[in-house]
Amino acid sequence: MHKNPQHVALIDSEKGNILNVKDKKFVRSIPKWNGRATKDDKYGLYAPTRGGLEVLDLKTGSKVKILIPKIAEGVFDVDTIITENDNHVIYYHSGRRTIRAFRLEDGKKIADYKSNAKVRCMVCSQDSKNVVIGCEDGTIHMLIIADPEYEEYVTYLRDWRAEQMTLFAREAVASPTPPEEESSSIVFLKGLNAFTQLFDIEENKSDEEQKTENNLESENINGSENVENNQLSISNEVRTNGDDVDDDNDVITS
């Protein structure tokens, strides 16, 4: 166990048993626990081969969260890991060949990655930003956990993209190719340049639309002011004419 090194967990197909190796005593048994636990030994995972994923309270053995409901999908190999910072749960299903990431705090799924081959091993990096998987076809993939709820993950992904674009640019400059055989780096840079230009065009369009809206608003305000001034002048004329009529009436009456 992480928190208490004197405790050792023995896992079988139905439960997990915690033993105290120093005192040679049995501590407790946790039904359905697969041996994965957070660093504070507070929560564990239950992931049966027939489907489903649950978070367990290791002290009471009760169910805390349901990350994947129990669905009849057949019997397949599954694997689970908890990141080093206890923020995410990574779940692999061999039947779907998918790797799903869940936020442990609220149980929300944030990623669903489809592997090209069956995954044989899966491990998380020490900084909890990456998941490295080894596949049956001999390939090794490094996946980035992109969770917008945590600023450090967003910053890490932004820095990684900037680094990749820098490497592509250096490769394009250092290894020129004939015009008819452009490398993937040059194609990537051209696409990035076109995207940037398109973004600038859209931004200019939005600025022009905003200016047009502001001009229309100012014209509407000026028009409304002119209408009000015309109404005031008309009302003044009506009042003047009314005074003249009253004067005429007075003269006729007298």
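How many of the six residues of β9 are buried? I opened my notebook with that strand, and six of its six residues turn out to be buried, so to speak a mostly covered strand. Buried here means under 20% relative accessible area, exposed over 50% and partly exposed in between, with a 1.4 Å probe and protein chains only.

**Entry 1: the ground rules.** I am reading a predicted model, where local features need pLDDT of at least 70, side-chain atom pairs count only at pLDDT 80 or more, and totals for chains, interfaces and linings use all residues. Residues are numbered from 1 along each chain as its sequence is written, and side-chain values use heavy atoms, with hydrogens and water left out.

**Entry 2: the whole chain.** I found two helices and 13 strands in the protein chain. These are DSSP runs numbered from the N terminus: helices are H or I with at least four residues, and strands are E with at least two. Buried residues make up 27% of the 254 residues.

**Entry 3: back to β9.** I looked at both faces of β9 (98-103). T98, R100 and F102 lie on one side, I99, A101 and R103 on the other, and all are buried. Next I checked its neighbours, counting two strands as paired if DSSP finds at least two bridges between them. Six bridges join β8 to β9, and the two run antiparallel; H88 stands opposite R103 in β9. Their hairpin has four residues between the strands, and R97 takes a positive phi near 55 degrees there. β9 also pairs with β10 in the antiparallel sense, over five bridges, with A101 opposite A111 in β10. In that hairpin, five residues separate the strands and G107 has a positive phi near 75 degrees.

**Entry 4: the cores.** Which residues have the most contacts inside the largest nonpolar core? I noted I81, I90, I99, V119, M122, V131 and I133, in a core of 16 residues. Such a core is a set of buried Ala, Val, Leu, Ile, Met, Phe, Trp, Tyr and Cys residues joined through side-chain atoms within 4.5 Å. The strands β8, β9, β11 and β12 each supply at least two residues of this core. Apart from it lies another core of eleven residues, including A47, V55, I82 and V89. In soluble globular proteins, nonpolar side chains tend to be buried together.

**Entry 5: strand β5.** V55 took me to β5 (residues 53-57), where five of five residues are buried. L53, V55 and D57 point one way, while E54 and L56 point the other. Four bridges join β4 to β5 in an antiparallel arrangement, and L45 has V55 as its bridge partner. Four bridges also join β5 to β6, again antiparallel, and there the partner of V55 is K65.

**Entry 6: the largest pocket.** I looked for open space last and found about 220 Å³ in the largest pocket. On a 1 Å grid over the protein atoms alone, a pocket is an open set of points where a 1.4 Å probe fits, with protein on both sides within 12 Å along at least five of seven lines; lining residues have an atom within 4 Å of a point. Of the 14 lining residues, A111, Y113, L143, I144 and I145 are the closest to its centre. β10 gives the most to the lining, with four residues. The lining divides into twelve nonpolar, no polar and two charged residues; Ala, Val, Leu, Ile, Met, Phe, Trp, Tyr, Cys and Pro count as nonpolar, Asp, Glu, Lys and Arg as charged, and the others, Gly among them, as polar.

Notes: Points joined across faces, edges and corners; volume = space filled by probe spheres on them.
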